[in-house]
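Good morning, colleagues. Thank you for the opportunity to introduce this structure; may I ask you to look at the display before I begin.

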Amino acid sequence: MTAPATGPVRRRLTVHGTVQGVGFRPYVHRLAAETGLAGFVGNTGDGVLIEVEGPAAEVDRFCALLAHRPPPLATVTRVAHEDLPATGAAGPFAIRSTERAAGRAQLPPDTATCADCLRELADPADRRHRHPFVTCTHCGPRFTIATGMPYDRAATTMSGFPMCPDCAREYGDPADRRFHAQPVACPRCGPRLTLTRPGVRPARDADALAAARDLLATGRIVAVKGLGGYHLACDATDPEAVARLRERKERGGKAFAVMCADLAVAEGLADLTPAERAALTGPRRPIVLVRRRTPAGELAAQVCPGSPHLGIMLPYTPVHTLLFGLPGDPPGPRVLVMTSGNRSGEPIVTDDTEALTRLAGLADAWLAHDRPIAGPCDDSLLRVRPDGTEQVLRRSRGYVPRPLRLPVPVRPALAVGGDLKNVPCLGEGDLAWFGPHIGDMGDLATLDAARRAERHLTRLTHVTPRLIAADRHPGYHSTRWARRRAGARLPLRLVQHHHAHIASTMAEHGLDGTTPVIGVAFDGTGYGDDGTVWGGEILLADYTGYRRFAHLTPAPLPGGDAGVANPCRLALARLWAAGLPWAADLPSVTACSPSELALLRQQLDRQVACVPTSSMGRLFDAVASLAGVCHRAGYEAQAALELEAAALGARDADAVAYPFGLTGGAPLACDPAPMLRALLADRRRHTPAPVLAARFHRGVARAVTEICRRARAATGLGTVALTGGVFANALLEDKCAALLGAEGFTVLRHGEVPPNDGGLALGQLMVAATAPHHETE
């Protein structure tokens, strides 16, 4: 047995994780002073390097505190220890400059303004009183200003703002909250605000904010430059302003998100749960989807027409706080619509010159600042489940570029995601990095945004892809981009859409793939192995492959993807496939003109432009029309969202569930014809639409449970993964999880990784980068 050390000892620690740009070095400096140790700390390409020397008991105490009491924004994933010969060092503990060695340090996401900075912002005696860019090591921009790694001021868009003597003193003082806070600035040396509007002389700084607040109070639309791009803002209580913004942006009936001045204002719009309050006020500050009150205060009805849900966020930058006003400012709106600054289908605008042209006709004025945005980053969106867990629906600001730890190591690879809700993903070893939300890959501007996002993420992660992964759909813009990106140098692996969804769920839950899962992948569109459109799939899957155990019985998709905008046609196609008549009193029939009905009948009988689809998303659209809820969709998933909203209004005591038929066996076919007959019978009895919607949701959940029971009986598998865009439907996901849990299944649901195509790239990465080399294409 080794005797305990009696003299001084020296230990080297290499700390991995999110430990740069979070005040980690001054924290270590204070910890060393507290324990009376000598040595040094410095950033490296891999993380943070520490050497400490002193009494063995104090060195052990230092190491224990380091692992369990990190700074607020730090995430320590691993600490490597190495004993060194003692040198007799007794001088003060030192902070060394960044070492520009190769490696992969992790950059933290952008973070909401902390309480200390907010106090300074509102304090007339503080030199940063009303400074729109107040920040410290515990808050502010990181990802959106970083141009490279290691993270220091020269590798950010703050490099063009030389620090004044006061800021430089704070920046260099280990005891100061702003020690090596790379965005540190003050009114003397920092970025500046400008308000621009046609025909009026530009206003600067405080005058710009006052003018913007006044414009918002008088019904104008202001383009506001935030951390990761522009927003379009207007008074959310002004019906005319909201209607004008909706018309200019060609928004249709899609809900707007709102920003509330504070939590008290938010609680006036919705009955918030403790978990929802925590999500709203936490450092990430996402948009939180909540059940709104009816009526929701003075909120204009045009903000979220026909929806019981409302997307709420709180201010997360000093500019937002000042836009609502400090005590003593003239009153302005307390709730603002805050929607992405772009035209429909385009990526978010980040460049100031480009904003003046691309947002012309949308905005009446532009509130901009002169700090460039290196990485576009839209707002994140999540909902909180009844059990308090979060389901992220859009993973972007506040999350990116924080990596996800993978259950099995992967080759260096880039996965490009899908065409809707596009998000790329880079991976190497046991880490994967999502890029920010890009949007729908419908035009050249979005493709350019995706390429820029990949380059930015590559610079920050130092991952050099040796493999490209994409969706199998031959018509996807993202897949064509992947082919060009791969070229002749890199292998390209095409991954089946629903297999990727299931693999994404498995990876998020840390499954190593040695045991398959029962994957329930429900969405709108996915290219199937047989060339048809899949989307109602139950697959037995691991990372290496899958088997189609069951699927929704196919029906024609009249007009292909273009037909998705017409749920009434989808409903009639479903009835045609089930051999059910188009009764003249059906709402789906009355929604169509006689000529439209005749053309559709001919199209279906001759099977012209009618790709078969097993999509559960399209079945939701069809039922929405049959229930009289939605016949024409102005935006993606409108019919399904309105069907869910209707179901939420049904009586809880009604436990009826519409039946589905189960036929065949290899694979099993889930036939909605019995459900359609029961729904039509209820229609003839004048059953209200909310009850029809609720009974349909229950029917789908029971069908899922029965199929999973049969899969378990056939295979012995007991883990079910719920994934795909349909499971953004909170009502359906909760019902499926409850029924499956009651049957003894282990149920995997998405949390930080979106269930929709925003999480697709992670699954592509896992399938492609863990496969043997010969399986690449």
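**From a loop to the whole chain**

I begin at a single residue: His462 sits in the loop that connects α11 (444–461) with β19 (468–471). Please bear in mind that this is a predicted model. The phi of His462 is positive, near 60 degrees, in a residue other than glycine. With a relative accessibility of 35%, His462 is classed as partly exposed.

A similar description applies to Lys421, in the loop between β17 and β18 (425–434). Lys421 is not a glycine either, yet its phi is positive, at about 50 degrees. Its relative accessibility is 22%, and Lys421 therefore counts as partly exposed, since the buried class is reserved for values under 20%.

Two peptide bonds also deserve attention. The bond from Val400 to Pro401 is cis, with omega near 10 degrees, and Pro401 belongs to the loop between β16 (390–394) and β17 (404–415). A cis bond also joins Ala666 and Pro667, where omega is about 0 degrees; Pro667 is in the loop between β26 (661–664) and β27 (668–671).

Let me now step back to the chain. How many helices and strands does the chain have? There are 22 helices and 29 strands. The radius of gyration is 28 Å, close to the 28 Å that the globule rule gives for 777 residues, so the chain is as compact as a globular protein of that length. Buried residues account for 59% of the 777. Of the contacts between residues at least 6 apart in sequence, 71% join residues at least 24 apart.

One helix illustrates burial well. In α17, residues 616–626, 11 of the 11 residues are buried, so this helix is largely enclosed by the rest of the structure. Among them are Arg618 and Asp621, as well as Leu619 and Phe620. At the N-terminal end, Ser615 caps α17, with a side-chain oxygen 3.2 Å from the backbone nitrogen of Gly617. After the helix comes Gly628, whose phi is positive, near 80 degrees.

Finally, is Cys630 buried or exposed? Cys630, in the loop between α17 and α18 (638–648), is buried, with a relative accessible area of 3%. Beyond its neighbours within four places in sequence, Cys630 is in contact with residues including Pro567, Ala624, Ser625 and Glu642. Ala624 and Ser625 are themselves among the buried residues of α17.

Definitions and conventions
Residues numbered from 1 in each chain as written. Predicted model: local features only at pLDDT ≥ 70, side-chain atom pairs only at ≥ 80, totals over all residues. Heavy atoms only, no water. Helix = DSSP H or I, 4+ residues; strand = E, 2+ residues; numbered from the N terminus. Rg over C-alpha atoms; globule rule 2.2 N^0.38 Å. Buried < 20%, exposed > 50% of the residue type's maximum accessible area, 1.4 Å probe, protein only. Contact = heavy atoms within 4.5 Å. Polar contact = N/O pair within 3.5 Å; in protein donor to acceptor, adjacent residues only side chain to side chain.
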